[in-house]
Structure formats: C-alpha cells, structure tokens
Amino acid sequence: MMGRAVTVVLLLCVAGLFWYLASAGTPAELGSVSRRYVERGLEENRGSNLVTSVVVNYRGLDTLGEVTVLFLSVTGVAFVLRRRRDDEDATKGSAADAARRSVPASELVQTGARLLLGPMILFGAYIFVHGHLTPGGGFQGGAVVASAVLLLLLADRKRALPHGLMSWLESLSGFGFVVVGLVGLGVAGSFLANRGVVPLGTWNRLFSAGLIPVIYVLVGLKVGSELAALLDVMMRGEKGGAG
Amino acid sequence: MTQGTLYLASALVLILVGLACALLKRNLLRMVLGFAIMDTGVHLLIASVGFIPGRTAPIIDDPSMLADAGTLAVAAERVVDPVPQALVLTAIVIGVGVTALMLAYVVRLFAREGTLDVGAFRRLKW
C-alpha cells in the first residue's frame, strides 16, 4: 500500500513537471541548427528527404553508433537465450506443451507465407532504396524484411534460416558502412563526407544524394539481417525451453 | 485545445500509463509492456516538440519550395523541424533493442524460476 502511494505521488510529480516544462510551448519557428539543415541540406546533399540527410549525413556517426547498439542488443539476446546442454530446465516443458508446439501452422498461414514472402522482401528493399526520396529508409525497410522472415518462421517452426548467409550479410554491410565513412575521410577530409566523393546527381531522382542511398541500403541489409537473427534466436529459445 | 497541446497531452498520458504499469505491476511481462508504452510516449513527445502547426513534412519534393535558386528560404518557412524526427528514428531503434533484451531476460528468468512474479526474485534483494 505504501509503495502504491509513493508511486501515485511520483506520477503526479512527473505530470506536474511535464506541464511546467510544456507550458513554455513548442517553438513556432525552426531552431538555428534545423534552419541551417533545411536551407542548405538540399544543396549539400541533393536528397529530398531532409530527415534522411540529417540521419545519414549530418549525424551519420550517431547512426553508426545506433547500428552498433542494435548489433550489441542482438548479441546480448543470443547470449542470454543460449542453449546449454546441461540445462536442467530443458526437461521442464510438459509433453502436452511440446505436442502443441509441434503442430504445424494452418494451411492459410503456410500458403500466405509462401505467397507474401517475395513481395514483402521486395517492398522492404523498395523502402530502403528510396530512403532519400520518400519517408522511410534503412531501418524501416529492414524491419519490413525482418517481418517477412517472421512470417516464414511462423509458417514453419522447424525451418532453419541460412545463418551463414545472414551473418556474412550483416558483417559485410556493417563493414561497408565504415569503409564508406573512411573513403569520405580520405577523399573529402571528414568521416562520412558526402560532397566531393561521388557525383551528387539530380535532385528528386533515384540516383541522387551521393552516398546517402548507398549507406541506407547497407543499413537496411544490416538491420534486416539483425532483426531476423533476433527473431530466430527468440523463437528457437522458446523451442529449446520445451526440450 | 490546439493541435500541439493535444499531442503533448497524449504523450504525457502514454508516459504516465507506461510508468505506472512498470512500477505497479508484479508480472515481469507487464512491466516490460509498461516500458514499451512509455517508450512510445517519449517518441510522441519528441516528435511533437518539432511539430509546427500548418506545416508539411521535411521532404523537399515540390519545385515551388525551390523559389530562389539554392537558398531554400521558402522551404524553411514551410516544413516542420527535421532534427527531432531524426532523433525519434534513432530512439525507436534503440527502444526495440532494449525491449528485446528485457524480454530475453524475462524468458531466461521464467525458465529458471518458473514464475513471472517480480516478488519471487529475491536473490539480489538486501
């Protein structure tokens, strides 16, 4: 009861502080940094989507860190859910539980998965290839690709994913991101530089914005394979628990 | 109530619901869900800070925004702030990673102790 009262007081404090800070209102004009990005972003990067320009170019180093954090969390999940041979809880799952899990998915799910897998991966690729033109990009496209893999795993629990291919894809795309950054450092003098490395191209075309689409495709491949590996580890861990 | 206030109020409600859920619930899965709801509230809050009523998304796909060759002063008056949106993009991805790690620990703890009640895990308590 005591804890409950403390919680309510804490929540009221959070609400009060929030309204005190929010009463100042949100800005009605762009800040100086944002204004600089909006006014010069097109000229400097030739990418229509200014959010992508900020994420991949101006704050590209943060995005490299972000991809690393995602990688670390996937590694952490795989470490926490690893299967140990001498695990005593491996025998805990009841026989009925195991039987329920070995029941194949319904025909609807199986047929749907077979039908939708190709279009979903294609749509994910479309999203991350067009990241510099439309809302979307590497992270969003990667998530769509991973959801295609999830559908595949739901349709057939026993299916083994191509782990070798996935880890190669993930490693190479992460490596490619750093290489692109270092090329910018060598050619144009700053890490992940965009201008002066490759031709920037024409505004609002697929081949524009210099290295931004290249980096976003790499991010998309990396995020897609990472999230797919994450889903795979989680579903496999579940199966491991049932013995 | 203006549009901006509505977004801020929704963000506050989501944050409070998530925080209450994380603090009051005894079930580990519900606590993780609380964190996920709070995460959503924070994302909405950051995105709404950059929102300016009557403006469009920061995507320059309309030639009329390119009025004065190169300067784009027109665009700066017509789009919302791109920086908070870029921050939210980062925050969503980090949130997914943190949630996945929390869920992995929940799975592990359930396999060890056979319960999801947070009161049952007493080993780190002093």
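Select A:Gly184 first. With 24 C-beta neighbours inside 10 Å, A:Gly184 counts as buried. A residue is buried if 20 or more other C-beta atoms lie within 10 Å of its own, exposed if 12 or fewer, and partly exposed in between; the C-beta atoms are placed from the backbone. A:Gly184 sits in helix H8 (residues 163–187) of chain A. Helices (H or I, at least four residues) and strands (E, at least two) are DSSP runs, numbered from the N terminus.

This is a predicted model: local features need pLDDT of at least 70, side-chain atom pairs count only at pLDDT 80 or more, and totals for chains, interfaces and linings use all residues. Residues are numbered from 1 along each chain as its sequence is written, while chains are lettered from A and ligands numbered from 1 in the order in which they are written.

**Around A:Gly184**

Show the contacts of A:Gly184. Leaving aside neighbours within four places in sequence, they are A:Ser190, A:Phe191, A:Leu192, A:Ala193 and A:Val197. Two residues are in contact if their C-beta atoms, placed from the backbone, lie within 7 Å. Now draw a distance from A:Gly184 to A:Val197. The C-alpha atoms are 6.4 Å apart, across 13 residues of sequence.

**A:Asn45**

Move to A:Asn45, in helix H2 of chain A. Is A:Asn45 buried or exposed? A:Asn45 is buried, because 27 other C-beta atoms lie within 10 Å. Not counting residues up to four places away in sequence, A:Asn45 touches A:Ser53, A:Asn57, A:Asn194, A:Ala209, A:Gly210 and A:Ile212. Measure on to A:Phe175: 23 Å, C-alpha to C-alpha, with the two positions 130 residues apart in sequence.

**Two helices of chain A**

Select H6(A), residues 107–129. Its 23 residues reach 33 Å from first C-alpha to last, close to the 33 Å expected at 1.5 Å a residue. The expected span is 1.5 Å times one less than the number of residues. Look at A:Leu116: the helix bends there by about 40 degrees, and A:Pro119 follows within four residues. The bend is the angle between axes fitted to the seven residues ending at a position and the seven starting there. Colour the buried residues of H6(A): A:Ala113, A:Met120, A:Gly124, A:Ile127 and A:Phe128.

Next take H7(A), residues 138–155. Its 18 residues should span 26 Å at 1.5 Å a residue, and the end C-alpha atoms are 26 Å apart, which agrees. H7(A) is mostly covered, with 13 of its 18 residues buried.

**The cores**

A nonpolar core is a set of buried Ala, Val, Leu, Ile, Met, Phe, Trp, Tyr and Cys residues joined through C-beta atoms within 7 Å. The largest has 65 residues. Which members touch the most others? Select A:Val54, A:Val77, A:Val149, A:Ile215, A:Val219 and A:Leu230. H9(A) gives the largest share of this core, 13 residues. Stay on A:Val219: beyond four places in sequence, its contacts are A:Thr63, A:Val67, A:Gly138, A:Phe139 and A:Phe177. Another core, of seven residues, lies apart from the largest one; B:Ala11, B:Ile15, B:Leu19 and B:Ile37 are among its members.

**Where the chains meet**

Show both chains. The contact takes 42 residues from chain A and 43 residues from chain B. On chain A, helices H1 (2–22), H2 (32–45), H3 (50–58), H4 (60–80) and H9 (212–241) each supply at least two residues of the side that touches chain B. That side divides into 23 nonpolar, eleven polar and eight charged residues. Here Ala, Val, Leu, Ile, Met, Phe, Trp, Tyr, Cys and Pro count as nonpolar, Asp, Glu, Lys and Arg as charged, and the others, Gly among them, as polar.

**Chain by chain**

Chain A has nine helices and zero strands. Buried residues make up 36% of its 243 residues. Chain B has four helices and zero strands, and 30% of its 126 residues are buried.

**Confidence**

Colour by pLDDT, the predictor's confidence in each residue, from 0 to 100. Chain A averages 80, and 88% of its residues score at least 70. Among its elements, H5(A) (residues 95–102) has the lowest mean, 59, and H6(A) the highest, 90. Residues 88–92 of chain A fall below 50; beyond near neighbours in sequence, this stretch has six contacts in the model. Residues 239–243 of chain A are also below 50, with 15 such contacts. Chain B has a mean of 84. In chain B, helix H3 (residues 73–78) has the lowest mean, 71, and helix H2 (residues 28–49) the highest, 92. For the complex, the predictor gives an ipTM of 0.82 and a pTM of 0.82.
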